[in-house]
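Me: Could you walk me through this model, one question at a time? I'd like the reasoning along with each answer.

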Amino acid sequence: MHLRMTGNLLYDPAPELPHTRVAIELNDGHTVAFVDPRRFGTGQLVQSSAELDEFLAARLGLEPFDEDFTVKHLRELARGRRAPIKAFLLDQRRIAGVGNIYADEALFRARVHPLRPAGAVKPAQWVELHEGIVDALRAGVAANGATIDDFRNIEGARGSFQNEFLVHLRAGEPCPRCGGEIIKLVAAGRGTYVCERCQPKPRARRKQR
């Protein structure tokens, strides 16, 4: 079973738990349930490893912990693209596993503005952004994720990464790096948090006559 989630995977949840979308009975008698109050999640049954690999390859890019996820790989993916770098990071067909929170945190670490066109990110910034993506995800994994609305891990425990956010959800607060004010804007249709002192806003392109 492949799951694309906004909800939670729970191990041996309470019977008849509300918002259960998928329930999997394991051979040892235990149950894993996918619970999603927001109804954004989907489930897809696959019957072999080969079928799963084919399904994922058609829909997902490399994960940031993959050994082939390199600075060069990122630069090649972004070459010539005018979409904002935030949209590029959130496109699961290009990079698998970077959500809204982690994109904000990675861009802040790399000092890259979320509205900068992906194709205009400088070589040195790609090095920092690659490191920022991996570091943000590692921090999230170590903290068992971020519990903002209803996230729980498979044992039902809350995550704590929200206590370590550098910019996400911190609008109006001082930047932890420079002391400037963190602001909220919209990028790629998502609420986005940025320090425009540390992450300079890209210049507007001149209109061609």
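What follows is a set of questions and answers about the sheet, the helices, the cores and a few single residues.

Me: Before we start, what kind of model is this, and how are residues numbered?

Reply: Numbering starts from 1 along each chain as its sequence is written, and side-chain values use heavy atoms, with hydrogens and water left out. Local features need pLDDT of at least 70, side-chain atom pairs count only at pLDDT 80 or more, and totals for chains, interfaces and linings use all residues, since this is a predicted model.

Me: In what order do the 3 strands of the open sheet run?

Reply: Helices (H or I, at least four residues) and strands (E, at least two) are DSSP runs, numbered from the N terminus. Two strands pair if DSSP finds at least two bridges between them. S2 and S4 (residues 31-35) pair in the antiparallel sense over 4 bridges, while S3 and S4 do so over 5 bridges. That open sheet has the order S2-S4-S3.

Me: Which strands stand at the edges of that sheet?

Reply: Each edge strand has a single partner strand, so one side of each is left without a neighbour in the sheet. The strands at the edges are S2 (8-11) and S3 (20-25).

Me: By how many degrees are neighbouring strands of this sheet turned against each other on average?

Reply: Axes here are lines fitted to C-alpha atoms, for helices over the stretch in contact, and angles run from 0 to 180 degrees between N-to-C directions. For this sheet, direction is ignored, and the average is 20 degrees.

Me: Which residue in S4 is the bridge partner of Tyr-11?

Reply: On the S3 side, Val-22 stands opposite Phe-34 in S4. For Tyr-11, the bridge partner in S4 is Val-32.

Me: Which residue in the turn of the S3 and S4 hairpin has a positive phi?

Reply: The hairpin leaves 5 residues between S3 and S4. The phi in question is about 95 degrees, and the residue is Gly-29.

Me: Which residue in the loop between S2 and S3 has a positive phi near 55 degrees?

Reply: Most residues other than glycine have a negative phi. This residue is not glycine, and it is exposed, with a relative accessible area of 80%. Exposed means over 50% relative accessible area, buried under 20%, and partly exposed in between (1.4 Å probe, protein chains only). The residue is Glu-16.

Me: How many of the 11 residues of H4 are buried?

Reply: The buried ones include Ile-101, Tyr-102, Leu-107 and Phe-108. They pack against H3, H5 and S7 (190-194). H4 is largely enclosed by the rest of the structure, because the number of buried residues is 10.

Me: Which residue follows H4 with a positive phi?

Reply: This residue sits in the loop between H4 and H5. Its relative accessible area is 44%, so it is partly exposed. Its phi is near 60 degrees, and the residue is Arg-111.

Me: Which element gives the largest share of the largest nonpolar core?

Reply: A nonpolar core is a set of buried Ala, Val, Leu, Ile, Met, Phe, Trp, Tyr and Cys residues joined through side-chain atoms within 4.5 Å. This one has 24 residues, and Ile-85, Phe-88 and Trp-126 are among those that touch the most other members. H2 (71-78), H3 (85-90), H4 and H5 each give two or more residues to this core. With 6 residues, the largest share comes from H4.

Me: What is the relative accessibility of Ile-85?

Reply: Ile-85 is in helix H3. Contact means heavy atoms within 4.5 Å, and Ile-85 touches Leu-107, Val-121 and Leu-129, among others. Ile-85 counts as buried, because its relative accessibility is 0%.

Me: Which side chain of opposite charge is nearest to Arg-116?

Reply: Arg-116 is in the loop between H4 (100-110) and H5 (123-142), and among its contacts are Ala-83, Gln-125 and Pro-202. Lys and Arg count as positive and Asp and Glu as negative, with His and the chain ends not counted. A salt bridge is a side-chain nitrogen of Lys or Arg within 4 Å of a carboxyl oxygen of Asp or Glu. Arg-116 is buried yet has no salt bridge, and 11 Å away lies the nearest side chain of opposite charge, Glu-196.

Note on methods
Lists of a residue's contacts leave out its neighbours within four places in sequence.
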